[in-house]
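Reader: Hello! I am new to this structure and would love a close look at one part of it. Could you take me through the salt bridges slowly?

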Amino acid sequence: MFDTLTSRLSATFSSLRTRGKISKGDIESTCAEIRQALLESDVALEVVESFIDQISVKATAALETIQSGTSQANAVFEIVNASLIEILGGQTRRVRFSKNPPTVIMLAGLQGAGKTTLAGKLAKFYSDQGNTPLLVASDLQRPNAVTQLQVVGESIGIPVFAPEPGNGVGDPVKVALAGVAFAKAKLYNMVIVDTAGRLGVDADLMKQASDIRDAIKPDEILFVVDAMIGQDAVRTSQAFLNGVGFDGVVLTKLDGDARGGAALSIASLTERPIMFASTGEKLTDFDIFYPERMASRILGMGDVATLAESAKKAFDSQTSAKLEAKFESGEDFTLEDFLEQLSAMSKMGSISKLMGMLPGSGALKKQIDGFDEGEISRTTAIVQSMTPKERREPKILNGSRRARIALGAGRKVSDVNNLVDRFSAAQKMMKQLRNGAVPAGMSGMGLPPVKAPVKASKKKSKSGNPAKRALEESQ
Ligand code: GDP
């Protein structure tokens, strides 16, 4: 979403870093470039103005105390980073749990903003942390909103309180009140109330949302807003702030390719924190909003913290410990281990999204966008078509076995050969790593050169492909 902004800011800082010494004039031109980049990303004018004023004052002051050009450039970068974190809301704000459960969360926002989807995401997120949420279907307006919530609830095993069919039938205030009472009686510790939106801001919508608010007195009102609607997101959030009021913002559709200025404007203009971010249609495409991680992404430094968390969630500790033990004991990494890793990787979500979290990924945008997500399932199908023995000992994969595997996976024999070759190369690289050597292709990555312990080695075949192996052995 912030691709253009990120590449513009990266270019600005690269040029600043080439100066021997930074002058006041350099600060001015840097500020002008950042200002232009923010405006082009649709950030609200008043937010841009105060942001630039702040940076200009702080950066000019920093020039006086810091002498070397590189340190000056780093200081300016740090000032921009800190100011970005600030306009994104500063610290992460979590849901405040009520001392008298259930904690009641009400969702408000326009139709299509993603409230019903978010209700499911929140319920899953909190239930995974040991809470017992109840979903309440108070959007009785939008066609099929009640059924949609029921389907979402069922898919994640969360109960849905839905006494009315919706589609214009039923009183949303009564449903919300009864839902909260039901949760209290049945000892649910959290209630998530989905409410109706409208296509645009109107008086009816605000009245209904405020009536629900007055009836159930929520602990948190979350305003849900589609980040793709650009400047309209700012206007809508101000209308909701005046009409209903809210405690926090949820930005949805951050996976879209809109310019992202709304995200940068809302927290600062409404003085309400962005609490969650939604990045796709799947229930797992969702996370707590961390201003510092977002600032880091915008400045092209990636989001390694989120990447590490996703990996931790996907690779359960047992599998990781097993692999680690294998690695240390010198056992071979087999295709069975590889299969486990592939399944963990698919749990982590879209690979291009993950690659986008790496520092400097802006420069690889084309490759990342062009990444073929189907590659993982095709590779998985090939490994799954092998017998357990073949996965443990790929050396036995002769021509007829490979033909059988290709047929089973619906791939060509050359795809199977390719996979086995790449796997053998990876296995070899792991062996070199274990022996303390820097494998070929990894030198120059900042790792010190380490000599491999000299080991008596039988001259073994390098390739897992029998045709290639035969050729190697004959040489
Ligand atoms: P509601 O009217 O506010 O309840 O909106 P919905 O929850 O029905 O969402 C409207 C549409 O947006 C649905 O097609 C959702 O699948 C989709 N949607 C919701 N959140 C996201 C998101 O973060 N990213 C993307 N790409 N789509 C989303």
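Reader: To begin with one residue, is K253 buried, exposed or partly exposed?

Author: Happy to help! This is a predicted model, in which local features need pLDDT of at least 70 and side-chain atom pairs count only at pLDDT 80 or more, while totals for chains, interfaces and linings use all residues. Residues are numbered from 1 along each chain as its sequence is written, and side-chain values use heavy atoms, with hydrogens and water left out.

Now to your residue: K253 is partly exposed, at 29% relative accessibility. Here buried means under 20% relative accessible area, exposed means over 50%, and partly exposed lies in between (1.4 Å probe, protein chains only). The side chain of K253 meets that of D226 in a salt bridge, at 3.4 Å from N to O. A salt bridge is a side-chain nitrogen of Lys or Arg within 4 Å of a carboxyl oxygen of Asp or Glu. This pair links distant parts of the chain, 27 residues apart: D226 sits in strand 5 (residues 220-226), and K253 in the loop between strand 6 (248-252) and helix 10 (261-270). Helices (H or I, at least four residues) and strands (E, at least two) are DSSP runs, numbered from the N terminus. Unlike its partner, which is partly exposed, D226 counts as buried, with 12% relative accessibility.

Another pair joins two helices. E390 forms a salt bridge with R401, and their closest N and O atoms are 2.8 Å apart. E390 belongs to helix 18 (residues 388-392) and R401 to helix 19 (residues 399-409), so the pair ties together parts that are 11 residues apart in sequence. E390 is buried, at 0% relative accessibility, whereas R401 is partly exposed, at 27%. There is also a network: salt bridges that share partners join R93, R96, E220 and D247.

For a pair within one helix, look at K124 and D128. Both lie in helix 5 (residues 115-128), 4 residues apart, or about one turn of the helix. Their side chains meet in a salt bridge of 2.9 Å, N to O. K124 is partly exposed, with a relative accessible area of 24%, while D128 is exposed, at 57%.

Helix 5 has a further role in the picture, as it gives the most to the shell around the ligand, with 4 residues. To put these pairs in context, a search of the whole structure finds 16 salt bridges.
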